[in-house]
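Welcome, and thanks for opening your viewer. Please load the model shown below and keep the selection panel handy, as we will go from whole chains to single residues.

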Amino acid sequence: MIQQTAAQMADALAKGETTSVELTQAHLDRIAAVDGQVKAFLHVDSEGALAQAREVDTRRKSGEKLSAIAGVPLALKDVLAQKGVPTTAGSKILQGWRPPYDSTVVSKLKDAGVVIMGKTNMDEFAMGSSTENSGYGPTFNPWDLTRTPGGSSGGSAAAVSAFEAPLAVGSDTGGSIRQPAALTGIVGVRPTYGAVSRFGLIAYSSSLDQAGPFGRTVLDTALLHEVMAGHDPKDATSINAPVPAVVNAAKSGNVKGMKIGVIKQLQGEGYQKGVQTRFDESLKVLASLGAEIVEVDCPSFEYALAAYYLIAPSECSSNLARFDAMRYGLRTGDVDGASAEAVMSATRDAGFGREVKRRIILGTYALSSGYYDAYYGSAQKIRTLIIQDYAKAFGKADVLVSPTAPTTAYKIGEKVDDPMAMYLGDVATIPVNLAGICGMSLPAGLADEDNLPVGFQIMAPAMQDQRLYQVGAALEAALLSQWGAPILSKAPALGGAK
Amino acid sequence: MALPTYDEVIAQWDPVLGLEVHVELNTKSKMFCSCATEFGAEPNTQTCPVCLALPGALPVVNEKAIESTILIGLALNCKIAPYSRFARKNYFYPDMPKNFQISQYDEPICFDGYVDVEIDTEEGPKQFRIEIERVHMEEDTGKSLHVGGATGRIHGADYSLLDYNRAGIPLVEIVTKIVPGTGKYAPEFAKAYVAELRDILRGLKVSDVKMEQGSLRCDANVSLKPIGSDVLGTRSETKNVNSLRSVERAIRGEMIRHAELLNDGKKVKQETRHFQEDTGLTRSGRSKEQAEDYRYFPDPDLVPVTPSATWIEGLRATLPERPSLRRKRLKEEWSVPDKEMQAMINADVLDIVEATVLLGADPTKARTWWLGEISRIANDQNVAVADLSITPADVAELVALVAAGELTDKLARQVVEGVIAGEGKPSEVVAKRGIKVVNDDGALMAAIEKVCTEQAETAEKVRGGHLPAAGALIGAVMKETKGQADAAKVRELLLKHLGQG
Amino acid sequence: MSSLSRDDVAKLAGLARIEMTESELVELSSQFGMILDAVARVQEMDLSGVKATSHPQPLENIARPDVVLPSLSPEEALSGAPAQEESRFRVPQILGEAE
C-alpha cells in the first residue's frame with residue numbers, strides 16, 4: 001500500500017477501499033521499521049496522526065465533501081509550527097518547545113484532512129544543504145546510507161524517498177526543497193514567493209523563504225501544492241491571487257510548441273559528468289516531445305551565490321535574535337547572579353550550531369555600519385540584475401531549465417568542514433529564490449558513475465507555477481516509459497522488504 | 001564651585017534644543033497584530049505569537065496607525081512621503097521580544113514640517129517656529145518589573161518580570177530639527193511645543209496623550225554654545241521627561257549643568273540621562289560597553305507604504321482646526337476673560353463647552369456649568385469631566401430650562417446631580433423628582449405671610465426701611481418652599497408685602 | 001584577501017549576543033577570509049544606477065483593519081517560558097538600561 005502514489009491512495013480512500021487509519025498505520029509501521037536507519041523524523045506523532053486519520057474517516061463516512069488528498073498521511077518539516085507538537089527547526093535552542101499556535105500551512109493541511117505524522121529533520125534553521133547541520137544528528141540518504149539526502153529539507157525528502165510518507169512539506173530558501181528532491185530521486189517544488197503563507201514558518205531569510213511540496217510524482221506534488229497555497233492576510237508578503245491551476249497542469253503534461261530555455265551559466269564546468277549527461281538527455285526528450293530548446297544568457301547569475309550568502313545571513317542575523325532564553329526555548333548559564341545579558345549570550349552559544357553562528361556573524365558584519373552599502377546594499381542590487389536577467393530570459397522562453405545540483409549526493413562529513421564547498425552546491429537553485437520565482441526538481445535518472453539520482457530543474461515566472469507542472473509531467477511520463485519503472489524502484493531495500 | 005544661576009548661564013551661553021516626542025496611538029489593536037491595547041490589563045493577557053515574537057510569527061501593519069500618522073504629519077505641516085518603508089532596528093533587550101524594533105529609518109512617512117508656538121513673557125507674548133525633521137511609525141516595548149534590591153529600580157534588582165501587553169502598541173515618533181535661537185526662553189518654548197503637540201494630537205483624536213500614563217513621552221536634547229558662535233556644543237539626551245512642567249525643569253537643569261561643566265573647563269559627555277521628578281535633576285544612564293550599531297535594514301516581512309494623493313488629500317480634508325487658532329477664535333466668540341479661558345483649558349473642558357454652545361446654550365452659562373458644578377462633582381468622584389454620564393445635550397437642555405424660568409440655578413444643580421446619578425435627561429429628572437419652581441404668587445404669599453408672622457420683629461425692621469434684614473426673611477421663605485421658589489421673585493413679593501417694593 | 005581579526009569577530013559576536021570560546025573566535029576569523037572573498041564578488045560589477053531589491057514581489061500598502069482579535073491566554077503565552085512568576089516572564093537581572 002505504501003508504494004502507491006498519493007493520488008492512488010486518495011483514490012482508494014475515496015472509493016472506500018481503505019481507510020485513513022489503515023493507511024496512516026501502514027506508514028507509521030514503515031517509519032518504525034526503517035527510520036532507525038534513515039533518521040528522517042525528529043518527532044513521530046503516532047497518536048495525533050491516528051486521531052486525525054480517525055476524524056477524516058468519520059468525516060468521509062458522514063458524506064462530507066473532502067479535499068482531493070484528505071486522509072493521506074504527510075511528513076512536515078520541523079520548521080513549521082504545529083500547535084502542541086514539538087517544533088525545533090532542527091535547533092537545540094528550541095528543544096522541547098511546543099507552539100501554542102498553528103502555522104497557516106498546518107491549518108490548511110488540517111482543514112484539508114491531510115494527516116500529519118510527524119516533524120522531519122533539517123539543517124538547523126534551514127541553514128545548510130546536507131541536513132548534517134541539524135542539532136539532532138544527520139539524516140541518511142535512502143539510496144546510500146553513507147551519503148547525505150541533501151538539505152536543508154533532507155528529512156522530508158528522505159521520508160518520501162524511503163516510503164515513510166507519500167507526501168512531505170519542505171521549505172526552500174536557496175534550494176532546500178529542490179536540491180534534496182534531486183539527491184533522493186523525488187519531485188520537489190519551490191512555489192512562487194508569496195504563494196504559500198510564511199506565517200508559522202520559522203524564518204531563516206524572510207525575503208527568500210518559501211514552503212513547498214514534495215511527492216514521488218509530479219501529480220502528487222501538485223495535489224499537495226494546491227492544498228498549501230493561497231492568500232493569507234497574516235502574511236503581508238502573501239500574494240492575493242488565485243492559486244495557479246497546478247493539478248490540471250500536472251494531469252495534462254504537454255510541451256508541444258513550448259520554448260524551453262537552457263541557462264548558459266548553469267551547466268558545464270563544475271557539474272558532475274553524470275549529472276550533465278542526464279540533463280542533456282532530458283533536453284532531447286523534451287525536444288522529441290515537440291518543445292523548442294533555446295539557450296539563454298543570464299550573466300549576473302555568476303554573482304548570485306555571493307549575493308545570497310550576504311542577504312540570507314543578514315536577514316537571519318536579525319530573524320534569529322528572538323532566540324534569547326527569555327520567553328521560550330533553551331536557557332543556560334542562569335546561575336546565581338548571572339545577568340540577563342550573560343544568560344542570553346551563553347544560551348545562544350550553547351543552543352546554536354556552528355553553521356548558524358557562522359551565518360549570524362557574517363550577517364551581523366554585512367549589516368554593520370560602514371559595511372552595509374558594500375555588502376548588503378550591493379547584494380540587493382545584484383538581486384535586481386538577476387531579476388532583470390530572468391525577465392529577459394522569460395521573454396525568450398516559457399520555462400528555463402538547468403541541472404538542480406552540480407553533483408549527486410555526497411558522503412556524510414565530506415564537506416562539513418569546508419563551508420565554501422557546501423555553499424557551491426546551491427549555485428543552480430539560488431537564482432530562483434533571489435528573484436522570487438518558482439522552481440521544480442524532478443528525477444532525470446541516475447548518474448552513470450555512482451548510480452545516484454540526478455535532478456532536472458524547471459523554472460517559471462512568478463505565479464506561473466502551473467508551467468512547472470505542465471513541463472514536469474510531460475518529461476516525467478516520457479522518462480517513465482523509457483525506464484519502464486519509477487526511479488525509486490532502483491533504490492536499494494531498507495531494513496527489510498518494501 | 002557653586003552652580004551658576006540661570007541668568008549667569010544665559011548671559012554667556014546660547015542653548016540649542018532637540019526634542020523627540022513618542023506618542024502612543026489610541027488604535028484598538030496593536031501596530032502589527034490584532035491584540036487589544038487596553039491600558040492596565042492583567043499581565044500578558046494582550047499578547048499573541050506576533051507580539052511575543054514566537055518563532056514563525058509575522059507582522060502585518062495596522063491601517064489605522066498609518067492613517068493616524070499621516071494625519072499627525074499633515075497637522076504638523078509635514079510633507080508625506082510617496083514611498084516609505086519599515087526598517088528593523090537591531091539591539092537586544094529583554095523588553096523587546098524580537099530583539100529588534102520595527103521602526104522607520106531613512107524613509108520616514110512624514111518629514112519637513114513645523115509647529116508655531118507662543119509663550120507669555122514679562123516682555124509680552126513671544127512666538128517661535130519649531131521645525132519638524134520627521135514623523136515616523138514604530139512599536140512600543142513591553143514593561144519590566146524589577147524585583148529585589150532597592151525599590152523596584154533596575155540597579156541591584158535580583159531579577160525582572162516581564163509583561164508584554166504594551167509590546168507592539170503603535171508609537172509615533174516626532175523629531176524636531178535642531179532648534180537654535182530660543183535663547184533664554186528655551187525651557188518655556190520647549191514646554192509650549194510639547195503642550196501644543198499634545199493639543200494638536202488630542203484634536204486629531206489619535207492618542208490619549210496622557211503623559212502620566214506614558215502615552216506621550218518626551219526626550220530632550222540640550223547643548224550649549226557660546227553666544228555668537230556657530231559651533232554646536234556636545235549634547236546630552238534626557239529621557240523620562242513625563243510632564244509639561246518636567247520638560248521645562250529638565251531643560252533648565254541641563255542648561256545649568258552644562259554651563260557649570262563648561263565654565264570649569266570640563267567637557268560635556270554625550271550621553272543619555274534620566275530625569276528625576278523628585279529632585280528635578282538628571283542622572284547619568286549606565287554607559288554602554290560599546291557604541292550601539294543598530295544595523296538598520298528594510299524589514300523584509302513588511303512591504304512599502306505608498307499613500308496615494310487621493311488618500312492623503314482625503315485625510316487632509318478631515319483635519320480639525322489648529323488648537324491655537326481655535327482657542328483664539330473661541331476666546332473672541334465667547335468673550336471669555338484670559339483667566340477663564342486658561343481655566344477651561346486646564347480643566348480640559350473646551351471641547352465639551354463648545355459642543356454645548358453648538359447645541360444653542362449661552363457660552364457663559366455653558367462654561368459656568370462645566371467648569372463649576374460639574375467639575376466639582378467630577379473632582380469629588382475623582383474622574384474626568386468627560387467620563388461623567390452628563391452630556392453637552394443635557395447641559396444645553398438645563399441652560400434652556402433655567403432661561404425659561406422653569407428651574408432656578410439651585411434647582412438646576414439638583415437636576416445635574418440627578419443626570420449624573422443616571423436618572424435620565426434633565427426633563428426626566430425634573431419630572432421624576434417633582435422639581436418645580438414655585439411661581440404661584442398665592443403659595444408664595446402664604447409662605448411670606450407665615451414667615452413675617454413668625455419673625456415679626458425682623459419684618460418690622462424691614463418695614464421701617466432696614467432692607468438688609470430682608471435677607472433672613474427671604475432665606476426663611478426659601479426654606480419654607482423647599483428651595484423651589486425663585487429667590488428674586490421672593491424678594492420682590494416680600495418687599496412689596498412690607499411696603500418697600 | 002579580505003580578513004577579519006579575532007577581535008573583529010569578538011566584537012561581532014558581542015553585537016550578536018553570542019558568547020564564544022577563544023577557539024571558536026580563532027576558527028571563525030580564519031574561515032572568514034575565504035567567505036568574505038567569495039561574497040565580496042558582489043562588488044565586482046558596476047552597480048551605479050542599479051536599484052536595490054529588498055522584496056522579491058512588488059507589493060505595496062498591505063495592511064490590516066484596526067480590529068481586535070482574541071489574544072493567547074496568559075497560560076498559552078507563558079507555556080514556553082523558562083521561568084515565570086505572577087503571569088509574567090521571569091528573567092535574570094537586566095544590566096543595561098532600556099533604550
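Helices here are DSSP runs of H or I with at least four residues, strands are runs of E with at least two, and both are numbered from the N terminus. Keep in mind that this is a predicted model.

**Stop 1: chain A as a whole**

Select chain A and colour it by secondary structure: 16 helices and 11 strands should appear. Its radius of gyration is 21 Å, close to the 23 Å that the globule rule gives for 498 residues, so chain A is as compact as a globular protein of that length. Turn the C-alpha trace along its principal axes and you will find a span of about 70 × 55 × 45 Å. Buried residues account for 67% of the 498 in this chain. Of the chain A contacts with a separation of 6 or more, 76% are between residues 24 or more positions apart.

**Stop 2: the sheet of chain A**

Now show just the strands of chain A. In what order do the 11 strands of the open sheet run? The order is 1-3-2-4-6-5-10-11-9-7-8, with mixed pairing. At the edges sit strand 1 (41-44) and strand 8 (292-296) of chain A, each pairing on one side only. On average, neighbouring strands of this sheet are turned by 30° against each other, direction ignored.

For a detail, pick strand 5 (residues 187-190) and strand 10 (residues 438-446) of chain A, which pair in the antiparallel sense over three bridges. Click on V189(A), and then on its bridge partner in strand 10 of chain A, M440(A).

Next, add helix 3 (residues 46-61) of chain A. This helix lies across strand 1, strand 2 (73-77) and strand 3 of chain A, and runs at about 160° to strand 3.

**Stop 3: the nonpolar cores**

In soluble globular proteins, nonpolar side chains tend to be buried together. Which residues touch the most other members of the largest nonpolar core? They are L74(A), A307(A) and L310(A), in a core of 282 residues. Helix 10 of chain A gives the most to this core, with 10 residues.

Centre on L74(A) and leave aside residues up to four places away in sequence. The residues that L74(A) touches include L109(A), V114(A), V115(A), I116(A) and M117(A), as well as A165(A), L167(A), A168(A) and V169(A). Apart from the largest core lies another, of 46 residues, with M344(B), V419(B), A476(B) and V477(B) among them.

**Stop 4: unusual backbone in chain A**

Most residues other than glycine have a negative phi, and most peptide bonds are trans. Zoom to the loop between strand 3 (115-120) and helix 5 (154-161) of chain A, where S152(A) lies. The peptide bond from G151(A) to S152(A) is cis, with omega near 10°.

Move on to the loop between helix 5 and strand 4 (167-171) of chain A, the place of F163(A). F163(A) is not a glycine, yet has a positive phi of about 60°. Is F163(A) buried or exposed? It counts as buried, because there are 23 C-beta neighbours inside 10 Å and the cut-off is 20 or more.

**Stop 5: chain B**

Switch to chain B, whose secondary structure comes to 16 helices and 15 strands. The radius of gyration of chain B is 30 Å, well over the 23 Å that the globule rule gives for 501 residues, so this chain is more spread out than a compact globule. Its C-alpha atoms fill a box of roughly 95 × 60 × 55 Å along the principal axes. Of the 501 residues in chain B, 45% are buried.

Look for N382(B) in the loop between helix 9 (363-381) and helix 10 (392-403) of chain B. N382(B) has a positive phi of about 60° although it is not a glycine. N382(B) is exposed, with 6 other C-beta atoms within 10 Å.

**Stop 6: where the chains meet**

Show chains A and B together: 25 residues of chain B are in contact with 34 residues of chain A. The chain B side of this contact divides into 17 nonpolar, three polar and five charged residues.

Finally, bring in chain C. Its contact with chain A takes 57 residues from chain A and 44 residues from chain C. Helices 10 (304-319), 11 (340-351), 12 (354-367), 13 (373-396) and 14 (419-424) of chain A each supply at least two residues of the chain A side. The largest share of that side, 12 residues, comes from helix 13 of chain A. By type, the chain A side holds 34 nonpolar, 13 polar and 10 charged residues.

Note on methods:
Residues are numbered from 1 along each chain as its sequence is written. Chains are lettered from A and ligands numbered from 1 in the order in which they are written. This is a predicted model: local features need pLDDT of at least 70, side-chain atom pairs count only at pLDDT 80 or more; totals for chains, interfaces and linings use all residues. Two residues are in contact if their C-beta atoms, placed from the backbone, lie within 7 Å. Ala, Val, Leu, Ile, Met, Phe, Trp, Tyr, Cys and Pro count as nonpolar, Asp, Glu, Lys and Arg as charged, and the others, Gly among them, as polar. A nonpolar core is a set of buried Ala, Val, Leu, Ile, Met, Phe, Trp, Tyr and Cys residues joined through C-beta atoms within 7 Å. A residue is buried if 20 or more other C-beta atoms lie within 10 Å of its own, exposed if 12 or fewer, and partly exposed in between; C-beta atoms are placed from the backbone. Two strands pair if DSSP finds at least two bridges between them. Axes are lines fitted to C-alpha atoms, for helices over the stretch in contact, and angles run from 0 to 180 degrees between N-to-C directions. The radius of gyration is taken over C-alpha atoms; the globule rule is 2.2 Å times the number of residues to the power 0.38.
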